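Colleague: I should like to learn how the features of a structural model are read, one at a time. May we work through an example together?

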Amino acid sequence: MATLRQFEYFVTVAAEGSFTKAAELLHVTQPALSHQIRTLERSAGGPLLERLPRSIRLTPTGRAMLPHARAALADAERARCAARQAAGLEVGELQIATLYSITLGVLPAALRLWRQTRPNVGIRLFEHRHTDELVEAMHAGEADLAVGPQPPNWTGATREVGSEQLVVVVAADDPAASEDTVKLQDLAERAWVHYAPGHGLADVLNQACAQAGFEPRIAVRTEQTAAAPALAAAGLGPALVPDNIVPKDFDGHILHPEPTVRRTLTAYTRGEPDPLAAAFIDVLLQSRQRLS
């Protein structure tokens, strides 16, 4: 039967891509590490790792086992923290998975309120670019709670926690800046500040433009959500961004699209949320109500 130590060794080797680096990180000898991996492979019924001259790669069996090994380690750590907290030995930690844009726009107010009400319970954030990555990470047991767009076909608990309004950002001297609203089809001939493929907001922009009857031409792509309004303000083209990420000292111009572009946000867990996760969902709802 596989042990948590074997899972830890396997996950570390997979992450480091090297037995030597993993052994150094785990503070064990390389022969001891290799022995534990071989024992785990016998339990799994086949090789988990392919030994290459300068690296390792996961076999199909290894790729199948990896998310479950990560989930087992995460569950074990949460169990340890819960037991020690109940015994009064340490404070708790809530692990939250989310998207980069939501960390920028939605979570700061909720985290501020959380610190005011539960100063002894820390937060650890795991940030992702796209809803698909976020869902996959949650299936793998990465965090206690996810905050993001509604996950497709999610079988665990979900709760709607509000919505984000998206706005169009242009330079202050842009021809469209004479108005406060804009129809997206009026920007159909413009080249846009777009997001890198795989970024969640790239899908939002593409879908909004498709509903307006066009495909956005691309002036520049960015990986960084916070860079989009700055690039638009510099005159590179319009950008569609959540209104809550636009900085206060922003020197561009904000246009409200007609019809309104929104994305619904949910908090979701693999099963019923534990008390800490449920408490954070309540705080998230309170912070959203204060901002609305």
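**Reading the model**

Modeller: N153 counts as exposed, at 77% relative accessibility. Please keep in mind throughout that this is a predicted model.

Colleague: Where is N153 placed, and what is the sign of its phi?

Modeller: N153 sits in the loop between β5 (145–149) and β6 (157–170). Its phi is positive, about 55 degrees, although N153 is not a glycine. H27 is another such case: its phi is positive at about 60 degrees, and H27 is not a glycine either. H27 belongs to the loop between α2 and α3 and is exposed, with a relative accessible area of 73%.

Colleague: Which residues are joined by a cis peptide bond?

Modeller: The cis peptide bond joins E258 and P259, with omega at about 0 degrees. P259 is located in the loop between β11 and β12. Another proline, P247, lies in the loop between β10 (239–242) and β11 (253–258). P247 is partly exposed, because its relative accessible area of 37% falls between the limits of 20% and 50%. Its C-alpha atom is separated by 8.6 Å from that of P229, and the two residues are 18 places apart along the chain.

Colleague: Is T103 buried or exposed, and what does T103 touch?

Modeller: T103, in helix α5 (residues 100–105), has 18% relative accessibility. Buried means under 20%, so T103 counts as buried. Leaving aside residues up to four places away in sequence, T103 touches T98, P108, L125 and E127.

Colleague: How should one read a whole helix, and which residues of α2 are buried?

Modeller: One lists the buried positions and then asks how they are arranged around the axis. In helix α2 (residues 19–26), the buried residues are F19, A22, A23 and L26. They lie on the same side of α2, because they cover an arc of only 100 degrees around the axis. On the other side of α2, E24 and L25 are exposed. The buried residues of α2 pack against α1, α3 (30–44), β1 (49–51) and β2 (56–58).

Colleague: What does UniProt place at residues 1–59?

Modeller: An unreviewed UniProt entry places the feature "domain: HTH lysR-type" at residues 1–59. In the model, the chain over residues 1–59 is 61% helix and 10% strand, with the end C-alpha atoms 20 Å apart.

Colleague: Let us turn to pockets. How does one find them?

Modeller: Rolling a probe the size of a water molecule over the atoms shows where empty space is left. Here, the largest pocket has a volume of about 700 Å³. Its lining comprises 21 residues, and V11, R70, A74, G141 and E142 lie nearest the centre.

Colleague: Which element supplies the largest share of that lining, and what is its chemical character?

Modeller: The largest share, 7 residues, comes from α4. At least two residues each are supplied by α1 (4–16), α4 (60–86), β3 (93–99), β4 (122–128) and α7 (131–139). The lining divides into 9 nonpolar, 4 polar and 8 charged residues.

Colleague: What is the volume of the second largest pocket, and which residues are closest to its centre?

Modeller: The second largest pocket has a volume of about 460 Å³. It is lined by 23 residues, of which D203, V204, Q207, R262 and R263 are the closest to its centre. Two or more lining residues come from each of α7, α8 (200–211) and β12 (261–269). The largest share, 6 residues, belongs to α8. This lining divides into 9 nonpolar, 9 polar and 5 charged residues.

Definitions and conventions:
Residues are numbered from 1 along each chain as its sequence is written. This is a predicted model: local features need pLDDT of at least 70, side-chain atom pairs count only at pLDDT 80 or more; totals for chains, interfaces and linings use all residues. Side-chain values use heavy atoms; hydrogens and water are left out. On a 1 Å grid over the protein atoms alone, a cavity is a set of points where a 1.4 Å probe fits but cannot get out, and a pocket is an open set with protein on both sides within 12 Å along at least five of seven lines; lining residues have an atom within 4 Å of a point. Grid points are joined across faces, edges and corners, and a volume is the space filled by probe spheres set on the points. Helices (H or I, at least four residues) and strands (E, at least two) are DSSP runs, numbered from the N terminus. Ala, Val, Leu, Ile, Met, Phe, Trp, Tyr, Cys and Pro count as nonpolar, Asp, Glu, Lys and Arg as charged, and the others, Gly among them, as polar. UniProt positions are given in the numbering used here, feature names are shortened, and annotations may be inferred rather than shown by experiment. Buried means under 20% relative accessible area, exposed over 50%, partly exposed in between (1.4 Å probe, protein chains only). The arc is that of the directions from the helix axis to the C-beta atoms. Contact means heavy atoms within 4.5 Å.
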